[in-house]
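Colleague: I have a model open and want to read its salt bridges and its ligand site. Where should we begin?

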Amino acid sequence: MRELEVLLQAHYPLIYLVTPEEERAEQAIAAISQLKPARKLFLWTVTHGIIEYGRPRTVTQHNTVSPEAAIEWVVRQREPGIFVFKDLHPFIESASVMRWLRDAIASFKGMSKAFVLMSPVQRIPVELEKDAAVLEFPLPNMAELDEVLNGHLKTSASRTRRLSTEGREKLVKATLGLTRDEADKVYRKAEVVSGHLTEAEVDIVLSEKKQIIKRNGILEYLEVDETIDAVGGLTELKRWLGQRADAFTERARQYGLPQPKGMLILGVPGCGKSLIAKTTARLWGLPLLRLDMGRVYDGSMVGRSEANLRNALKVAESISPAILFIDEVDKAFGGAGGSGDSDGGTSSRIFGSFLTWMQEKSSPVFVMATANRVERLPSEFLRKGRFDEIFFVDLPNFEERKEIFRIHLGKRREDIARFDIDQLSHTCEGYSGAEIEQGLVAAMYDAFAQGREFTQFDILAALKATMPLSRTLTEQVTALREWARHRARPAATMLAEYQRMEF
Ligand SMILES: Nc1ncnc2c1ncn2[C@@H]1O[C@H](COP(=O)(O)OP(=O)(O)OP(=O)(O)O)[C@@H](O)[C@H]1O
Ligand SMILES: [Mg+2]
């Protein structure tokens, strides 16, 4: 909001304000227009034409419904003013509207006049790119959301219940990341469901918020049932994560610790990278947001993909502390930076914005990225200091495979003492955790089809019948190991590493 003020005070002739919250933005601009020297504020919509802010909608400027006529009217004004055009974007590509705008901007020289194009989507023709300052209107902060909550607490239903300061803070925090209207709806719904708003309604508010985030489509709120104990091996990685369980608390700040930024988990397919990333959210007690890079890319309009990314990151920040999970970054950013940029540089730009965000972010959003093809990742991504740590997850060794068998057998049967786990582990050298699990499931299907309980022998047979990926993709696995040896930290313990070498 401060930025908007600066731009308007500095007499920027054309500001493009991206926001779904017209009313809030309008109020903010109105407040700025009152700062000395005060300026008049006019609003244009295609339905009403130009009206002066604060005047009834019926008092419109004559014949200003068409965008061209409205811009012409603005040009004719001699007094300083701010002219807000709402949803001009469907018309902005038209040759005459664009020309009118450019002429108008040129005529503003030395005058205290400014256009603010307000719209929920960013659509700027290249011709105007140089003249326009693009701004995202920030989502409401705690204080503004507190106001929204206040409005609800005044109603009779909620007034009867006392709400502690803490409970109040929790309710407000639960709506961070929403617009004012959305927060309002969420509170109203919670009130309807339980008849009042108290601390007990935080869960309703949170689940409503999840629905809203889902609809936004790029971020996904993941619910994870499994705990970190469902991951076999990776002891060193687990220890590292365990140490940082309280990293986002006030206590850690007081102690003088910096906020962790993020980690990159590299490794062989099917060895638990995604699994550990997901279970970390449980371990740390933070919400887990998956950023789907595939959905960020949108070729329909210039600047659309960037806006998508910015939006998603903004929502993540407003929910923080949170974990932002980006699975398979090698696929998302694979095209960036290289010569194979086939999309007109979009992936490079997206990648650039992402890096900048990572560099500059001050909010506690912990990025958890996974990848299995390092050679596809742009080198800037892997540079020291970008992530707190880069871990390498290798194929499980003998002991680790035993642990994985115990975990997966234990999930399916109470009594696992009847299995010879040493023998199973011996049989599947070179298998990933996912392959071990698949083998087990295949064995169970075999036995199930024959109407009997599965045995040690079924598992051995199923494992022998499959060819592990590490054997078909030997070169790729070797190359990854070679790369990681010098640049990443092993996710397993030193002892496990040592045992691995002995094979
Ligand atoms: N170390 C492990 N301990 C327990 N289960 C495992 C382990 N590794 C893999 N699995 C099983 O395999 C499944 C797939 O693993 P996951 O998706 O985490 O692999 P990944 O490393 O992300 O693979 P990819 O590179 O293909 O994305 C897990 O959901 C889990 O059931
Ligand atoms: Mg994965």
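Modeller: Begin with exposure. Buried means under 20% relative accessible area, exposed means over 50%, and partly exposed is in between (1.4 Å probe, protein chains only). This is a predicted model, where local features need pLDDT of at least 70, side-chain atom pairs count only at pLDDT 80 or more, and totals for chains, interfaces and linings use all residues. Residues are numbered from 1 along each chain as its sequence is written, chains are lettered from A and ligands numbered from 1 in the order written, and side-chain values use heavy atoms, with hydrogens and water left out.

Colleague: Is arginine 295 buried, partly exposed or exposed?

Modeller: Arginine 295 has 47% relative accessibility, so it counts as partly exposed. Aspartate 292, at 25%, is partly exposed as well. The two form a salt bridge, with closest N and O atoms 3.2 Å apart. A salt bridge is a side-chain nitrogen of Lys or Arg within 4 Å of a carboxyl oxygen of Asp or Glu.

Colleague: Which residue meets lysine 86 in a salt bridge?

Modeller: Glutamate 26, at 2.5 Å, N to O. The pair links distant parts of the chain, 60 residues apart. Lysine 86 is buried at 8%, and glutamate 26 is buried at 13%.

Colleague: What are the polar contacts of ligand 1?

Modeller: A polar contact is a pair of N or O atoms within 3.5 Å; within protein, one must be able to donate a hydrogen and the other to accept it, and residues adjacent in sequence count only if both atoms are side-chain atoms. Among them, the asparagine 372 side chain lies 2.5 Å from a ligand 1 oxygen. The histidine 408 side chain lies 2.9 Å from a ligand 1 nitrogen.

Definitions and conventions
Helix = DSSP H or I, 4+ residues; strand = E, 2+ residues; numbered from the N terminus.
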